[in-house]
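Q: Please take a close look at one part of this structure, beginning at its surface. Which residues form that part, and what surrounds it?

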Amino acid sequence: TFIVEGGNNPSTTAQYHPFYITNSPSGGRLLNTPEQPASEVVYAGFQGSTTPTGVGRYCEYQENPLSKNLRTSCGAFKDYFKALNLSCSAGESGVVIWTPDETTPDTVYYQCATHLNIGWKITVTNPSVNSTMEKISNSVATIVAAVVVPVSVVILLAILCVIIGIWFFRYRSSSAAKQSRDVELKASGGDMDCKGDCLKEGQPTVESIAQHN
C-alpha cells in the first residue's frame, strides 16, 4: 500500500505527479516521449493506459531559516530534514494498492507519470518462500530438540547404571573376601570373637606362661 501526496490538479504541472509502478526505469508514461518505450508494463497506478489513479493532495517540504542555515553550513542531513516544514494542500491523500505475483520481475520502479526519472526502484522478494523456509527451519529445530533431550536422559541413565554396577561389584567382592577370611579362620580353629591376634586351641597364652614360671 502506497500513500500518494503528489498532487491531483493536472493544470499545475509542477505540482502534479501521478504515482505509478512500472518496469520503466525512466517513467513519464503520459509524456509519450522516446524515453517512454511502447513496451512499458504498468503494474499499478493506472486505470487503462491513460488514466492515472495514483493521485492525491499535494504535499511538499519547504525550507525555513533554520533549515537553510543547516544546508549552507553543511550540517547533517537528518538535522536538515527535521528542520523542514511539511506543507500540504487541502484534500485527501491518494492510495495505491499493489500485490506482486509470480510474474512480477525482481526489480520494478515507482515513477511519476508526467515527469521523467523522478522515482526509483523497488526490489521484489518472495516472502512466501522465505516464510516456508523459516517454518521448515523451526520444525527441524523442534525435532532436533525433541531427539536431543531423550538422548541426554539415556546417557545420564547409562552413566548412573555404570556407577551402581561398579559399586555393587566392589561390594560383592569385599563381602566375598570377608567370607573367605572367616572360613579360613574357622578351618584353622581360630576364635572369631577374640581381640588382637586369634590363637589356636591349646596354644599357650602370656598369662599361662607366667603362671608356669
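A: In this predicted model, Y61, F77, F81 and L86 make a nonpolar surface patch of about 460 Å². A patch collects residues with over 30% relative accessible area and no salt bridge, nonpolar side chains (Val, Leu, Ile, Met, Phe, Trp, Tyr) being joined within 5 Å and like charges within 9 Å. Areas come from the Shrake-Rupley method with a 1.4 Å probe, and for residues only the protein chains shown count as cover. Residues are numbered from 1 along each chain as its sequence is written. Local features need pLDDT of at least 70 and side-chain atom pairs 80 or more, whereas totals for chains, interfaces and linings use all residues, and side-chain values use heavy atoms, without hydrogens or water.

Among the patch residues, F77 belongs to helix α2, residues 77-83. Helices (H or I, at least four residues) and strands (E, at least two) are DSSP runs numbered from the N terminus. F77 has a relative accessible area of 62% and is exposed; that word stands for over 50%, buried for under 20%, and partly exposed for the range in between (1.4 Å probe, protein chains only).

Two further members of the patch, Y61 and L86, are bridge partners, L86 being in β8. Strands β7 and β8 are joined by four bridges in the antiparallel sense, where pairing requires at least two DSSP bridges between two strands. These strands belong to an open, antiparallel sheet of three strands in the order β2-β7-β8. Its edges are β2 and β8 (85-88), each of which pairs on one side only.

The central part of this description also involves charged residues. R57 and E5 form a salt bridge at 3.1 Å, N to O, the term requiring a side-chain nitrogen of Lys or Arg within 4 Å of a carboxyl oxygen of Asp or Glu. R57 is in strand β7 (residues 56-62) and E5 in the loop between β1 (2-4) and β2 (6-7), so the contact ties together parts that are 52 residues apart in sequence. Both partners are partly exposed, R57 at 23% and E5 at 28%. The model has three salt bridges. Another of them joins E63 to R71 at 2.5 Å, N to O; E63 is partly exposed at 35%, as is R71 at 43%.

The loop between α1 (65-72) and α2 holds C74. C74 is exposed, with a relative accessible area of 70%, and has a positive phi of about 60 degrees although it is not a glycine. Most residues other than glycine have a negative phi. A second such case is N117, with phi near 55 degrees; N117 lies in the loop between β10 and β11 (120-123) and is exposed at 55%.

A contrast to the exposed patch is found at strand β3, residues 19-22, which is covered on both faces. F19 and I21 on one side, and Y20 and T22 on the other, are all buried. Strand β10 (residues 107-112) pairs with β3 in the antiparallel sense over four bridges, and C112 of β10 stands opposite F19. β3 is also joined by two bridges to β4 (residues 42-44), again running antiparallel, with V42 of β4 opposite T22.

The loop between β3 and β4 includes V41, which is partly exposed at 35%. The C-alpha atoms of V41 and T22 are 5.6 Å apart, although 19 residues separate them along the chain. Beyond four places in sequence, V41 is in contact (heavy atoms within 4.5 Å) with I21, T22 and N23. A salt bridge between R29 and E40, at 3.1 Å from N to O, lies in this region: both residues are in the loop between β3 and β4, so the pair ties together parts that are eleven residues apart in sequence. Both R29 and E40 are buried.

Finally, confidence must be considered. pLDDT is the predictor's confidence in each residue, from 0 to 100; the chain has a mean of 79, with 66% of its residues at 70 or more. Over residues 190-201 the pLDDT stays under 50, and the model has twelve contacts for them beyond four places in sequence. Residues 206-210 are also below 50, with one contact beyond near neighbours in sequence. Where pLDDT is low, predicted coordinates should not be read in detail.
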